[in-house]
Amino acid sequence: MNTLELMSHLRSLDIKLSVNGERLECDAPSGALTQTLKLEIAERKLEILKFLKNLSTSSTQQPILPVSRKENLPLSFAQQRLWNLDQLEPGSSVYNLPVAFRLTGLLNLAALEKSLNAIVERHEILRTIFKAVEGQPFQVISPEIPSILSVVDLRDLSQSQLEIHAKQLITKEALQPFDLAQGPLWRVKLLRLAEEEHVLLLVMHHIISDGWSFKVFFRELTAFYEAFCADKPSSLSNLPIQYADFAHWQQQWLSGEVLASELEYWQQQLGGNLEALQLPIDKARASLKTYQGARQFLVVNQKLTEALKLLSRQQGVSLFMTLTAAFKTLLHRYTGQEDIILCSPVACRDRLETEELIGYFNNIVLLRTDLSGDPSFPELLTRVRKVASGAYDHQDVPFQKVVELPNLVSTPLSRAMLVLQNTSTEPPELQGITVSSFDVGNGTANFDLSVSFEEQGGELRGVLDYKTDLFNTSTIEQIVRNFQALLETIVVNPEQKLSELPIFRESSTGQSFDESGYLNGSHSDSKESGEAFVAPRNQLEIQLSEIWEKVLGKKPIGIRDNFFELGGHSLLALRLVGEINKSLGKNLPMSTLFQLGTIEEISRILSQKESLVLSPSLAIIQSGGNKPPLFFLHVLGEGLQHCRPLVSHLDPEQPIYGLSLGLMDEVSKKQIKDAAGYYIKELQKIQPEGPYFLAGIQCGGRVAYKIAEQLHAKDQKVALMAMLGTMTDHNSLKKLSFFGKVSAHWNHFSRRGYPYLLEKVNMAINRVKNNLMQLYCKFYQKLGLPLPQICQDYLYRDKQSKGNSQWVFMPTKTYQGRVTLFRWLDDIEFYESDLGWSQMSPGGLEIHDVPGKTLSMLQEPHVQVLAEKFQSCLDQAQAQS
C-alpha cells in the first residue's frame with residue numbers, strides 16, 4: 001500500500017501518528033499495532049513525516065470548495081501542459097493510458113454497463129472536454145452520460161485467429177488518439193472471446209486521469225457491480241468536490257506571492273549551467289521529436305529487495321532514494337557527468353479531499369544531484385535525501401512552471417525518469433468473475449529512458465521503457481544487466497566509493513569503458529554499452545574462474561559471463577567439466593553448462609550439501625512460467641546454444657528445455673539403444689502428458705519428427721512439430737544442370753555482390769584447411785608422436801560428428817500431424833522448396849521464410865524475424881490445445 005493508503009488504514013484502526021520535530025510519535029489501542037504495521041511505518045517514516053507536515057500545511061490553506069458551473073472552468077496546471085502539447089502535436093497517442101484485464105466467468109453485461117454509467121455520473125471529469133475561447137482552454141462538462149461501453153463479439157473466429165485478433169484490436173485501441181475538443185476522452189471495449197471469456201480494455205487520456213485514478217476507478221467498479229448484480233443501491237458516499245473544483249482552487253492558491261515563493265527554491269536548486277544528460281544512445285537524434293517506444297523487463301529478486309530495504313533503513317532513507325542513488329550512479333558511469341538530473345512523478349494528493357477523485361493530479365519533480373568528489377555510496381545517499389526532501393517540500397510547483405525558468409528553456413529535461421510505484425493498478429473484483437491482468441502497452445515512450453519499479457510478492461519488478469529511435473535492444477539489455485549488478489554490489493559493500501563499484505567490460509561492438517569504469521568516446525549508431533563484470537566473491541568462485549580462464553584462454557572472466565557467449569563449445573565444455581571434476585572432486589554432467597552456464601550458478605549448485613540429480617541429456621534453457629513446456633532438440637550438444645538468441649526474443653514466461661544426446665559422455669551414450677524412446681522418457685519426466693510442443697534445430701528437426709511420430713502412435717497429442725532449417729536428407733538439394741548452377745550463383749552475386757564471392761572463397765579455403773588438417777593429424781599418428789592440441793580438437797570433433805550421426809534419424813515412418821517448417825532464404829535456390837518434407841507431412845506442411853542461411857537465421861539480426869514468426873505459431877498452437 002502507498003503512504004496515503006497506509007494513513008487511511010491506520011485511521012480505520014484508530015492509530016494516530018503525529019510529528020514531534022523530526023520524530024514520529026504513535027498513539028494506538030492495545031494490540032492494534034502489529035509487527036507488520038510497525039515495519040511498514042518504519043520503512044515509510046520519511047514519507048509519513050512529509051505527508052503529515054504537508055497535511056498540517058494544507059489545513060491552513062484555503063479549503064477546496066465547489067464552484068459555479070456557469071463560469072468558464074479553468075484547467076489545472078498539469079492539464080494546461082498536456083493541452084499545450086496536444087496543440088503542438090495533435091493526434092499523438094503518447095499520453096494514452098491503457099489497461100486491460102481478462103475476465104473468466106459468467107459476466108453480467110447489464111450490471112457492468114450500469115456500473116460504468118454510474119462512475120461517469122459520479123465523476124464529472126469523465127464527462128469533460130476542452131474548448132478554447134480566444135486561444136484560452138477551458139473545461140466543459142457535459143450533463144449527459146455518454147455511451148462508453150463497446151462490445152466486440154469474436155466468438156465466430158477460430159481459436160487460432162482469436163488471440164491474434166484480440167491483441168490486434170487492443171493494440172489498435174491503445175494507439176487510437178483522442179480529440180480533446182470532442183471527447184469522450186476515455187473508452188471501454190469489451191472483447192467477447194467465448195460465453196464465459198472476455199477481455200476488458202480501458203483507455204484514458206492522461207489529461208483526465210493518472211495512475212492513482214485507475215485505482216479509484218476499479219475500486220468503484222467493484223462496488224457498483226456488486227450492488228447492481230444484487231439489485232441493491234451502492235454504498236459509496238457522495239463526493240464533496242469534483243476535479244474542476246480542485247483546478248479552480250489550484251489556480252487561485254498557486255499564484256502571486258505563493259507561486260513566487262515556491263519557485264524561488266527551484267531557481268536556486270536548478271541554477272547555473274545545466275548540461276543535458278548524455279545517454280549512451282546508438283542512433284543520432286532526429287530533428288523532430290519522436291515517441292516510438294519499447295520496453296524491457298527486470299526483476300530484483302526477493303533477497304536483493306530485502307537487502308536494499310535494510311540498507312535504506314540503516315541509512316535513514318526511503319527505498320526510492322536508494323534506487324535513485326543507484327540509478328544515478330549507473331548514469332554517472334555511462335556518461336562521466338557529475339551533475340545529473342532525473343525526473344520523478346509525485347502523486348500530489350496530500351489533501352484528503354482529493355483521495356477519492358479521478359483526475360490528473362500528479363506532477364513531475366526534478367531531482368538534481370551532485371556526484372563530484374568520488375563520494376561513497378552512503379555519502380551519495382545523504383545528497384540524494386537532501387535533494388529529494390527539498391523537492392517533496394516544493395512538489396506543488398507545476399512542472400511547466402519549473403521548465404520555463406530562463407536557464408532551463410533550452411535544456412532537454414525529459415531524458416531520464418525513475419519511478420517507484422506506490423499505486424499499483426489492482427484489478428477489479430467482480431462477483432463470480434476471475435480477473436487477471438492482460439499485458440497491453442501503447443508502443444510509445446515519452447522519456448528517452450524511464451525505469452518504473454513496483455513491489456510484487458516481495459520482489460521489485462521493473463519496466464524499462466525506451467525510445468527505439470535512439471537505442472538498440474542489445475544496449476538496453478546491457479543497461480539492465482549492469483543496473484542489477486550494481487545493486488548487488490552496493491548491498492554487499494555499501495561503503496565503496498563510486499569509483500570502486502563494478503567496472504563495465506568492453507562490448508562486442510567496440511564501445512569501451514576506461515580504467516576507472518567510465519564510458520569512452522562519443523555515441524554513434526554502431527556502439528553499444530558494455531556488460532557488467534562481476535568478480536569472484538569466495539574461494540569456490542575463484543577456483544572456478546581460474547579453471548574457466550585456463551580452458552577458454554581468456555582473462556578476466558566474471559562470475560555471470562556465459563560459457564558459450566565467451567566462445568565455449570562441446571569440446572571445451574568437456575575439458576571444463578573434466579577440470580572441475582578433477583580439481584574439486586565432483587561429478588558434474590556436461591549438461592550442467594547448458595542450464596547453469598555461469599560460474600555463479602555452478603558455484604551455487606556445487607555449494608549445496610545435497611547432491612543435485614541432473615539429466616545428462618537435458619538442459620533447462622529458460623525456467624519459470626506456467627505454460628506447457630517447449631522442447632528444443634539437437635544432435636550435437638553444443639548445437640543447443642544456437643537456440644539461445646531465439647529464446648531471448650520469446651515469451652519470458654515460456655518454460656523451455658533442450659534435449660541432446662550430444663551432451664552425454666561416451667559411456668552413457670553407448671548404453672542407449674532406442675534414442676527416440678530415451679528422449680520421450682526424458683521429456684515425460686518434465687511433462688508426463690501431452691499436448692507436446694517440439695522444435696528441432698537443423699538435423700535435430702528429424703529427431704523431433706521421429707519423437708512426434710512415436711508420441712502420436714501412443715495417442716499423445718503433439719500440438720507443435722516445428723523444424724528450424726531442417727532437410728529430410730541431402731537429397732533435398734536440387735538436381736541442377738551446370739547452367740542451372742551458374743544461373744543460381746549469378747542471381748546470388750547480383751543480389752549480394754562481392755560479399756557472396758568472398759563467402760564462397762572462404763568456404764573453399766575451409767575445405768582445403770580441413771584436408772590439410774587430416775594430413776597433419778595422420779602424419780603424427782603414423783610416426784607415433786603425441787598429438788598437438790589442435791589435432792586432438794580436430795579428431796574429437798570428427799569423431800563426435802561421425803558418432804552422433806547414428807542419432808540423426810532418417811524418416812522411416814510418417815508422422816500424421818501438421819509440420820511447421822522455418823526455412824532459410826539466402827541460398828534456397830539450390831534446394832527443393834519444401835526441403836523434402838511435403839511427402840512426409842500428410843497432416844499439412846506450413847512453411848515460414850526467414851532471411852539468412854542455415855546458421856545465420858538463428859543469429860542476430862535474422863533471428864528477430866524467426867522469433868516473431870515462431871512465437872506466433874507457438875501462441876496459435878497453445879491456444880488451439
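Which residue in β18 stands opposite Leu633? In this predicted model, the residue of β18 that faces Leu633 is Leu659. Strand β17 covers residues 630-633 and strand β18 covers residues 656-659, and the two run parallel, with 4 bridges joining them.

These strands belong to an open sheet, in which 7 strands follow one another in the order β16-β18-β17-β19-β20-β21-β22 and the pairing is mixed. The edges of the sheet are formed by β16 (618-622) and β22 (845-850), each of which pairs on one side only. On average, and with direction ignored, neighbouring strands of this sheet are turned by 20° against each other. In general terms, the strands of a sheet pair through backbone hydrogen bonds, and the pairing may be either parallel or antiparallel.

Two helices accompany the sheet. Helix α21, made of residues 675-686, packs on the sheet and touches β16, β17, β18 and β19 (692-697), while the direction of helix α21 makes about 160° with that of β18. Helix α22, made of residues 700-713, lies across β17, β19, β20 (718-724) and β21 (819-824), and runs at about 155° to β19.

An antiparallel arrangement is found in another part of the chain, where strand β4 (residues 128-133) and strand β5 (residues 136-141) pair over 6 bridges. Within this pairing, Ala132 has Pro137 of β5 as its bridge partner. The two strands form a hairpin with 2 residues between them, and Glu134 takes a positive phi near 55° there.

Turning to the interior, the largest nonpolar core holds 146 residues, of which Trp186, Phe217, Trp266 and Phe453 touch the most other members. The element that gives the most to this core is helix α11 (residues 319-335), with 10 residues. When neighbours within four places in sequence are left aside, the contacts of Phe453 include Leu298, Val300 and Leu323, as well as Leu418, Val419, Leu420 and Phe483. A second core, separate from the largest one, comprises 55 residues, among them Leu650, Ala695, Ala708 and Leu711.

For the protein as a whole, the secondary structure comes to 26 helices and 22 strands, and 51% of the 881 residues count as buried. Among contacts between residues at least 6 apart in sequence, 76% join residues at least 24 apart. The exposed area of the protein is about 40,800 Å², and carbon and sulfur atoms supply 51% of this area.

Methods: Residues are numbered from 1 along each chain as its sequence is written. This is a predicted model: local features need pLDDT of at least 70, side-chain atom pairs count only at pLDDT 80 or more; totals for chains, interfaces and linings use all residues. Side-chain values use heavy atoms; hydrogens and water are left out. A nonpolar core is a set of buried Ala, Val, Leu, Ile, Met, Phe, Trp, Tyr and Cys residues joined through side-chain atoms within 4.5 Å. Buried means under 20% relative accessible area, exposed over 50%, partly exposed in between (1.4 Å probe, protein chains only). Contact means heavy atoms within 4.5 Å. Two strands pair if DSSP finds at least two bridges between them. Axes are lines fitted to C-alpha atoms, for helices over the stretch in contact, and angles run from 0 to 180 degrees between N-to-C directions. Accessible areas come from the Shrake-Rupley method with a 1.4 Å probe; for residues, only the protein chains shown count as cover.
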